[in-house]
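Me: Got a fold here I'd like to talk through with you. Can we go pairing by pairing, then look at the charges?

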Amino acid sequence: MTDSEFLALAESTLDRIEACLDKLNDDDVVDVECKRSGNVLEVEFLGNASKIIINSQAPLQEMWVAARSGGYHYKRVGDQWRNTRDDTELFASLSQYVTEQGGAPVSMG
């Protein structure tokens, strides 16, 4: 994948995550506030002030996630972002992290 292809894909991934979280917030599933600055999406859970940070790492062509449960790296495999350690898919993992930190079961699919 070229650098410009990665940047476009990373941007659309962050847009998709932000839109999903905004919908969950609008539907009163979780109380979150998203802040975007370039390639960094900061998700703050207003009930407990915890955060999840998602950002792209262009030199490595990875998406990185920092959650209360730890830090994770996702590399593109086919048409999915896969965890470089345990091969879990990004949106499935985010569902778990948001559920843990937001206090309500969510699906980011």
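Me: Which residue in β4 is the bridge partner of Ser-56?
Reply: This is a predicted model, so keep that in mind throughout. β3 and β4 run antiparallel, with five bridges joining them. Within that pairing, the residue in β4 that partners Ser-56 is Met-63.

Me: What phi does Gln-61 take in the hairpin of β3 and β4?
Reply: The hairpin leaves four residues between β3 and β4, and Gln-61 sits in that turn. Most residues other than glycine have a negative phi. For Gln-61 the phi is positive, at about 55°.

Me: Moving along the chain, how many bridges pair β4 with β5?
Reply: A hairpin joins these two strands, β4 to β5, through two residues. The sense of the pairing is antiparallel. Count the bridges between β4 and β5 and you get six.

Me: Which residue in β5 stands opposite Glu-62?
Reply: β4 is the strand of residues 62-67, and β5 covers residues 70-77. Across the β4 and β5 pairing, Glu-62 looks over at Lys-75.

Me: And which residue in β6 stands opposite Lys-75?
Reply: β5 also pairs with β6 (residues 80-83), antiparallel, through four bridges. Lys-75 has Glu-62 opposite in the other pairing. On the β6 side, the residue opposite Lys-75 is Arg-82.

Me: Which residue takes a positive phi in the hairpin of β5 and β6?
Reply: That hairpin has two residues between its strands. The phi in question is near 65°. The residue that takes it is Gly-78.

Me: Where do the positive phi values of Asp-28 and Ala-49 fall, in degrees?
Reply: Neither residue is a glycine, and most residues other than glycine have a negative phi. Asp-28 is in the loop between α1 and β1, while Ala-49 is in the loop between β2 (40-45) and β3 (51-57). Phi of Asp-28 is near 60°, and for Ala-49 the value is about 60°.

Me: Is Asp-28 buried or exposed?
Reply: The cut-off for exposed is over 50% relative accessible area. Asp-28 has 70%, so the label is exposed.

Me: Which residues gather with Asp-28 in the patch of negative charge?
Reply: The patch is on the surface. One of its members, Asp-31, is in the loop between α1 (3-26) and β1 (32-37), and counts as partly exposed because its relative accessibility is 46%. Together with Asp-28, the patch holds Asp-22, Asp-26 and Asp-31.

Me: How far apart are the C-alpha atoms of Asp-86 and Tyr-74?
Reply: Asp-86 is in the loop between β6 and α2 (90-102), and with 49% relative accessible area Asp-86 is partly exposed. Along the chain, Asp-86 and Tyr-74 are twelve residues apart. Between their C-alpha atoms the separation is 9.9 Å.

Me: On to the charges: how many salt bridges does a search of the whole structure find?
Reply: Among them is the one between Lys-35 and Glu-33, with an N to O distance of 3.8 Å. Another joins Glu-42 to Lys-51, where the closest N and O atoms are 3.1 Å apart. Over the whole structure, the search finds seven.

Me: How exposed are Glu-42 and Lys-51, as relative accessibility?
Reply: The partly exposed class lies between the buried cut-off, under 20%, and the exposed cut-off, over 50%. Both residues therefore count as partly exposed. The values are 22% for Glu-42 and 37% for Lys-51.

Me: Which elements do Arg-36 and Glu-18 link?
Reply: Their side chains meet in a salt bridge at 3.3 Å, N to O. The pair links distant parts of the chain, 18 residues apart. Arg-36 is in strand β1 and Glu-18 in helix α1.

Me: Is Glu-18 buried or exposed?
Reply: Its partner Arg-36 is partly exposed, because its relative accessibility is 26%. Buried means under 20%. With 18%, Glu-18 is therefore buried.

Me: Last one: which residues are linked in a network of salt bridges with Arg-36?
Reply: We already have the Arg-36 and Glu-18 salt bridge. The network takes in further acidic residues, and the full set linked with Arg-36 is Glu-11, Asp-15 and Glu-18.

Conventions
Residues are numbered from 1 along each chain as its sequence is written. This is a predicted model: local features need pLDDT of at least 70, side-chain atom pairs count only at pLDDT 80 or more; totals for chains, interfaces and linings use all residues. Side-chain values use heavy atoms; hydrogens and water are left out. Patches are made of residues with over 30% relative accessible area and no salt bridge: like charges are joined within 9 Å, nonpolar side chains (Val, Leu, Ile, Met, Phe, Trp, Tyr) within 5 Å. Accessible areas come from the Shrake-Rupley method with a 1.4 Å probe; for residues, only the protein chains shown count as cover. A salt bridge is a side-chain nitrogen of Lys or Arg within 4 Å of a carboxyl oxygen of Asp or Glu. Lys and Arg count as positive and Asp and Glu as negative; His and the chain ends are not counted. The place of a charge is taken as NZ of Lys, CZ of Arg, CG of Asp or CD of Glu. Buried means under 20% relative accessible area, exposed over 50%, partly exposed in between (1.4 Å probe, protein chains only). Two strands pair if DSSP finds at least two bridges between them.
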